[in-house]
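This briefing introduces one protein structure and the molecule bound to it. Please keep the sequence and the 3D view open while reading the points below.

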Amino acid sequence: MKQKIVVTGGLGFIGSHVVVELQNEGFEVIIIDNLSNSSEDVLEGIKAITGVQPLFEKLDLRDKSLVVDFFSRHHDIMGVIHFAASKAVGESVKLPLLYYENNLNTLIYILQELQKKESSNFIFSSSCTVYGQADTLPITEAAPIKEAESPYGNTKQIGEEIIHDTCKVLENLKAIALRYFNPIGAHDSVIIGELPIGTPQNLVPFITQTGIGLREELSVFGDDYPTEDGTCIRDYIHVVDLAKAHVAALKRLISGDNADNYEVFNIGTGKGSSVLEVISAFEAVSNQKLNYKIVERREGDVIAAYADTTKANNVLGWKPKLDLMDALSSAWKWEQRIK
Ligand code: WQD
């Protein structure tokens with residue numbers, strides 16, 4: 001009997017890559033997605049890669065009655081991986097209530113259904129943004145949580161606290177929060193990848209769209225930071241490596257090996273790359289010069305953030321296998337395909 005896993009937001013960028021890895025590992029997947037930031041075509045893409053089309057229910061998790069109905073119809077769920085959330089930092093500043101409603105109410109409604117079950121395994125999509133500008137690099141899970149720079153970042157911090165407080169009183173709920181650094185790239189089949197709607201806010205999709213001619217030029221947000229080349233440093237992790245970390249976390253919960261019923265892991269490569277280094281790497285991968293200009297800093301950017309991955313390596317038994325060049329190469333192939 002296959003173990004059934006619910007993946008909310010499973011048609012999105014990270015969610016779809018996780019569904020592929022779950023199906024490769026023999027799990028049965030049900031995707032919940034409201035298609036607000038994804039396309040149903042991704043289902044065929046997942047089937048083309050794995051040979052299996054996951055079950056799918058179009059559902060807006062902000063409607064509590066729909067969440068209750070879903071879980072009343074699916075009793076044999078082994079775990080839930082929760083991606084469904086709004087994720088644009090800048091938009092969250094303009095629309096805080098939309099972010100607090102969508103990112104927190106949906107989480108609460110799902111946890112309320114899980115608390116009714118005998119035992120449940122829950123994985124939360126969190127973010128290194130909870131650390132803000134960490135005082136020490138690389139960043140470990142023990143780094144202090146700083147005041148959020150945006151409502152988006154705040155929903156990740158509050159989301160983790162909601163889960164932690166619930167796990168403290170619910171023995172039957174086991175949870176892991178994965179704090180992603182910067183997910184980039186696409187599946188090597190070039191069948192699924194990132195589909196940013198509108199103007200990309202993130203660096204790598206903006207680079208690939210500039211490379212393919214969809215964008216005139218990339219604006220580099222500041223080169224006067226206290227780093228080697230003056231541009232910000234981030235930990236860019238291949239989305240497939242990130243997806244595999246979710247399978248490792250899920251297996252840890254299912255096996256009952258988890259030390260506490262709430263654990264947190266930083267998921268990155270452990271290596272920092274500056275914006276200019278990413279641009280150079282892209283030029284090497286695409287064998288073309290990238291059109292960019294240096295402009296003023298972007299509000300809210302931290303100077304540098306990259307992960308100490310010791311805990312994920314040792315406790316999850318997970319290590320990234322792909323590097324920046326692999327990720328940029330896959331992102332570039334994906335951009336060329338969707339052109
Ligand atoms: C990376 C670097 C920019 C665009 C955010 C969220 C994080 C996660 C990933 C959701 C920065 C620079 C960017 C551009 C640029 N969000 N940049 N020109 O801000 O590290 O992380 O997205 O899952 O939670 O905080 O990622 O890709 O936006 O920026 O110079 O056009 O690239 O200043 O230094 P960020 P990013």
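The structure shown is a predicted model. One of the contacts to the ligand runs through the backbone of Ser219, where an N or O atom lies 2.8 Å from a nitrogen atom of the ligand. Taken alone, the ligand exposes 690 Å², and the protein buries 90% of that area. The points that follow treat the ligand's surroundings, then the packing of helices, and finally two details of the backbone.

**Surroundings of the ligand**

- There are 19 residues around the ligand, and those that come nearest are Ser127, Leu203, Ser219, Arg234 and Asp301.
- By chemical class, the shell around the ligand consists of nine nonpolar, six polar and four charged residues.
- Strand S8, which spans residues 218–221, supplies the largest share of this shell, namely four residues.

**Side-chain contacts to the ligand**

- The side chain of Ser127 has an N or O atom 2.8 Å from an oxygen atom of the ligand.
- In Asn182, a polar side-chain atom is found 3.0 Å from an oxygen atom of the ligand.

**Packing of helix H7**

- Helix H7 (residues 203–212) and helix H9 (residues 275–286) have axes that come within 11 Å and cross at roughly 40°.
- This angle makes H7 oblique to H9, because it falls neither under 35 degrees, which would count as roughly parallel, nor within the 65 to 115 degrees that count as roughly perpendicular.
- The crossing of H7 and H9 is right-handed.
- With helix H11 (residues 324–338), the axis of H7 comes within 9 Å, and the two axes cross at roughly 50°.
- H7 and H11 are therefore oblique to each other.
- The crossing in which H7 passes H11 is right-handed.

**Details of the backbone**

- As background, most residues other than glycine have a negative phi, and most peptide bonds are trans.
- Which form does the peptide bond from Leu137 to Pro138 take, cis or trans? This bond is cis, with omega near -5°.
- Pro138 is placed in the loop between strand S5 (120–127) and helix H6 (151–169).
- Leu35 is not a glycine, yet Leu35 has a positive phi of about 60°.
- The loop that holds Leu35 lies between strand S2 (28–33) and helix H2 (42–50).

Note on methods
Residues numbered from 1 in each chain as written. Predicted model: local features only at pLDDT ≥ 70, side-chain atom pairs only at ≥ 80, totals over all residues. Heavy atoms only, no water. Near = heavy atom within 4 Å. Polar contact = N/O pair within 3.5 Å; in protein donor to acceptor, adjacent residues only side chain to side chain. Areas by Shrake-Rupley, 256 points an atom, 1.4 Å probe, with all protein chains shown as cover. Helix = DSSP H or I, 4+ residues; strand = E, 2+ residues; numbered from the N terminus. Nonpolar A, V, L, I, M, F, W, Y, C, P; charged D, E, K, R; others polar. Axes fitted to C-alpha atoms, helices over the stretch in contact; angles between N-to-C directions. Parallel < 35°, antiparallel > 145°, perpendicular 65-115°, else oblique. Left-handed = near helix turned anticlockwise from the far one by under 90°.
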